[in-house]
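Student: I've got a new model open on my screen and I'd like to get my bearings. Could we go through it together, one question at a time?

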Amino acid sequence: MDSFKFFLSLYGHKLPMPMDISSDGALLVTGSADKNLKIWGLDFGDCHKSIFAHVDSVMAVQFVRNTHYVFSVGKDRLINYWDADKFELLLTLEGHHAEVWCLSISNRGDFIVSGSHDRSIRRWDRTEEPFFIKEEKEKRLEQMFESDLDNAFENRYAPKEELPEEGVVALAGKKTQETLSATDSIIDALDIVEDELKRITEHAEEKRKGKVVDFQPNVLMLGLSPSNFVLRALSNVYANDMEQTLLALPFLDALKLLSYLKDWTINPDK
């Protein structure tokens, strides 16, 4: 733009595309309705890598500031997080119920905002929880396998529910195998604690009657108090799965969980 002279012409995509340039000016990332993500070097204009990024059109791409990490969104409802140096998919964010049209990343890269045809704007915050690329790959393979088992002819990305009404925001998440497993672990913890509290009450009654009997705590509770044991089960749930995990709890179990909130809030160490 300084000299107004032609510099580079890049060929490769078949259809119109979104694009973004990294902060250091070294890389250009482009997406397209051909479902591909292309990473270009701006020194010579060569295509470093062409990646099949989404199962439908890529609608927006953007680099995280001062990095070579890039987010892409598409009509397949997914938000993908890439390493543009290693050409590797790091993470997939699911939650939108229709095509994702656009995204924007904060200057510090600590959160992103996405907009969708489901009439919702969703904010995704970076957490302190580490994720491991190998585990994410295995999780994606398991999801693909489970999807094929459920229905070999079912299109995973076809609309499965009606769009919410104007002004109504749907839940920013959905049930997964992880959230269901987390719900089961919380229910198990509540059941174990309920049985333990009954045993404690019975022991106190026996002691009041003069029958001195040594109380043997349940070894499954790992030496923790009932309140701490339930808190431990709750703490094992990933932050991004917490909402759907709690929503999946039966009403009576949710009430039991709420009964521990007072103890947790009073104790500053919890």
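Student: Let's start with helix 2 (177-208): which of its residues are buried?

Tutor: First, a caution: this is a predicted model, where local features need pLDDT of at least 70, side-chain atom pairs count only at pLDDT 80 or more, and totals for chains, interfaces and linings use all residues. Residues are numbered from 1 along each chain as its sequence is written, and side-chain values use heavy atoms, with hydrogens and water left out. Helices (H or I, at least four residues) and strands (E, at least two) are DSSP runs, numbered from the N terminus, while buried means under 20% relative accessible area, exposed over 50% and partly exposed in between, with a 1.4 Å probe and protein chains only. By that cut-off, the buried residues of helix 2 are Thr179, Ala182, Thr183, Ile186, Ile187, Ala189, Leu190, Val193 and Glu196.

Student: And which helices help cover them?

Tutor: Look for contacts, meaning heavy atoms within 4.5 Å. The cover over the buried residues of helix 2 includes helix 3, helix 4 (242-247) and helix 5 (251-258).

Student: How far apart are the end C-alpha atoms of helix 2, and what span should its 32 residues have?

Tutor: The expected span is 1.5 Å times one less than the number of residues. For the 32 residues of helix 2 that comes to 46 Å, which agrees with its end C-alpha atoms being 47 Å apart.

Student: Which residue just after helix 2 takes a positive phi?

Tutor: Check the backbone just past the end of helix 2. The phi there is about 95°, and the residue is Gly210.

Student: Which element supplies the largest share of the largest nonpolar core?

Tutor: A nonpolar core here is a set of buried Ala, Val, Leu, Ile, Met, Phe, Trp, Tyr and Cys residues joined through side-chain atoms within 4.5 Å. The largest one has 17 residues, and Ile186, Val193, Val230, Leu257, Tyr260 and Trp264 touch the most other members. Helix 2 and helix 3 (226-235) each supply at least two of its residues. The largest share, six residues, comes from helix 2.

Student: What does Leu257 touch?

Tutor: Leave out residues up to four places away in sequence. The contacts of Leu257 are then Leu190, Val230, Leu234, Leu246, Leu249 and Trp264.

Student: How many of the 10 residues in helix 3 are buried?

Tutor: Helix 3 is mostly covered, and its cover includes helix 2, helix 4, helix 5 and helix 6 (261-266). The buried ones are Pro226, Ser227, Phe229, Val230, Leu231, Ala233 and Leu234. That makes the number of buried residues in helix 3 seven.

Student: How far apart in space are Phe229 and Val193?

Tutor: Phe229 lies in helix 3 and is buried, with a relative accessible area of 8%. Its contacts include Ala189, Ile192 and Val193. Phe229 and Val193 are 36 residues apart in sequence, yet C-alpha to C-alpha they are 7.6 Å apart.

Student: Over to the strands. In what order do the three strands of the open sheet run?

Tutor: Two strands pair if DSSP finds at least two bridges between them. Strand 9 (100-105) and strand 11 (121-125) are at the edges with a single partner strand each, so one side of each lacks a neighbour in the sheet. The pairing is antiparallel, and the order is 9-10-11.

Student: Which residue in strand 10 stands opposite Cys102?

Tutor: Strand 9 and strand 10 (residues 111-116) run antiparallel and are joined by five bridges. In strand 10, Leu103 has Ser114 as its bridge partner. Opposite Cys102 stands Gly115.

Student: Which residue in the turn of that hairpin has a positive phi?

Tutor: The hairpin of strand 9 and strand 10 has five residues between the strands. The phi is about 75°, and the residue is Gly109.

Student: Last one: which side chain makes a polar contact with the side chain of His54?

Tutor: His54 is found in the loop between strand 4 (47-52) and strand 5 (58-63), and it is buried, with a relative accessible area of 1%. A polar contact is a pair of N or O atoms within 3.5 Å; within protein, one must be able to donate a hydrogen and the other to accept it, and residues adjacent in sequence count only if both atoms are side-chain atoms. At 2.8 Å, the partner of the His54 side chain is that of Ser72.
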